[in-house]
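The following exercises concern a predicted model. Each task is followed by a solution in steps.

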Amino acid sequence: MFHDQPTPFLAVDKSVMTANSLRMARFAAARGVKLRPHAKTHKSWEIARLQLLHGAVGLTVATVSEAESFARGGFLDIFIAYPLWVDAAKAARIAALLSTTTQLTLGVDSSEGATRLGEALREINLSSELQDRLRVRVEVDSGHHRSGLIPERSGDVALAAQRAGLTVDGVFTFPGHGYGLDRTRERAAQDEARALTLARDSLLTSGVNCKVVSGGSTPTASLVNPEQSSLDPVINEMRPGVYVFNDAQQWEMGSCQPDQIALTVAATVVSKRGQNVIVDAGSKILGADKAPWASGYGRVLDFPDARITALSEHHATIEVASEEEANNPAFALGTRLRLVPNHVCNTVNLVDHFFTFSSASDAPSLEERWHVNARGANT
């Protein structure tokens, strides 16, 4: 596979990625829900442009530096879905972002954080023109128990933000506890809808406008169906990220099928012993994530029964069903395999670029090298 490029490297199937992007965009549009994909998955201007072309209203990012990267790429509507604690330096960076975007939205999940944001922006004398481009959104905990406040207290934080001179446009959550097997996704989606309904009502009761009610992860996105929900059809914006590539976690949860996996790690078989096949791609390109429920450190796209059972920095151990299967010519020394990482967001952040190809071609070959523009943008 692509023997003109040394392994390991990331290969992105453009035809699958485009189909994934279109599928999610059409899904959201059919439900009257705006799509604001999380760009921390791909960190790529090229892919973000594709998502906006397919109907996304803007981008979600995780950090100020990710926002800065995408602003340099010409993206004008960015949501930093994170409860920032803003010091003077970060306030100056926010002001610079506001000068290059048409709208910037920030997350808050405490009265103290909202008050501090307002103070920091006053201290740098942010102009009224730039202030008009800034929105804040209250984050609530819908069961993941990370950041986010109790939904019923959302109105208190929204009022504190208004007192600090900030414009509140709604609420958001991340149903991260939807990652798992059995009916985990369904339960998380129900928790998400309940929490966001409570949060919206808390804002409205406090006299604060709640224009945006934002949720959705890749595992729970397919369960957003206001027309059939017994709950209030509250969500009007979705922020999935992984769907554009998919990964081994999504495969194991049933959020995607193998033919919907767009990104793989190309690796070469370098050693064999019994049922174990060793390749030259380890944790420094696959990442080391392994959820407690995961069956391994990743999968092999063309061999669904194989599992990556161990990782070193530059080696992955693939266990196949038997020594007889290990003697399959596909596992011969020097052959190349397509590995599916558990958590694609971490994998992308470990490389400077990825190579694209199209499986729709009669003779697929590497076509372009796309830069990971926001690699390492963690501040």
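**Exercise 1: Strand S8 and its neighbours**

Strand S7 (residues 168-172) and S8 run parallel and are joined by three bridges. Determine which residue stands opposite Ser214, how S7 is linked to S8 in a β-α-β unit, and which residue of S9 stands opposite Gly215.

Solution.
1. On the S7 side, the residue opposite Ser214 of S8 is Phe172.
2. S7, helix H8 (residues 184-205) and S8 form a β-α-β unit, and this unit is right-handed.
3. S8 also runs parallel to strand S9 (residues 237-238), with two bridges between them. Within this pairing, Met238 in S9 stands opposite Gly215.

**Exercise 2: The faces of S8**

Establish which residues of strand S8 (residues 212-215) lie on each side, and whether they are buried or exposed.

Solution.
1. Val212 and Ser214 lie on one side of the strand.
2. Val213 and Gly215 lie on the other.
3. Buried denotes under 20% relative accessible area. All four residues are buried, and both faces of S8 are thus covered.

**Exercise 3: The largest pocket**

Describe the largest pocket by its volume, its central residues and the make-up of its lining.

Solution.
1. The largest pocket holds about 860 Å³ of space.
2. Its lining comprises 36 residues, of which His38, Lys40, Arg146, Phe174 and His343 are the closest to the centre.
3. By class, the lining residues are 13 nonpolar, 15 polar and eight charged.
4. Strand S4 (77-83) and helix H13 (344-348) each contribute at least two lining residues. The largest share, three residues, belongs to S4.

Key: Residues are numbered from 1 along each chain as its sequence is written. This is a predicted model: local features need pLDDT of at least 70, side-chain atom pairs count only at pLDDT 80 or more; totals for chains, interfaces and linings use all residues. Side-chain values use heavy atoms; hydrogens and water are left out. On a 1 Å grid over the protein atoms alone, a cavity is a set of points where a 1.4 Å probe fits but cannot get out, and a pocket is an open set with protein on both sides within 12 Å along at least five of seven lines; lining residues have an atom within 4 Å of a point. Grid points are joined across faces, edges and corners, and a volume is the space filled by probe spheres set on the points. Ala, Val, Leu, Ile, Met, Phe, Trp, Tyr, Cys and Pro count as nonpolar, Asp, Glu, Lys and Arg as charged, and the others, Gly among them, as polar. Buried means under 20% relative accessible area, exposed over 50%, partly exposed in between (1.4 Å probe, protein chains only). Two strands pair if DSSP finds at least two bridges between them. A crossover is right-handed if, with the strands pointing away from the viewer, the path from the first strand over the helix to the second runs clockwise.
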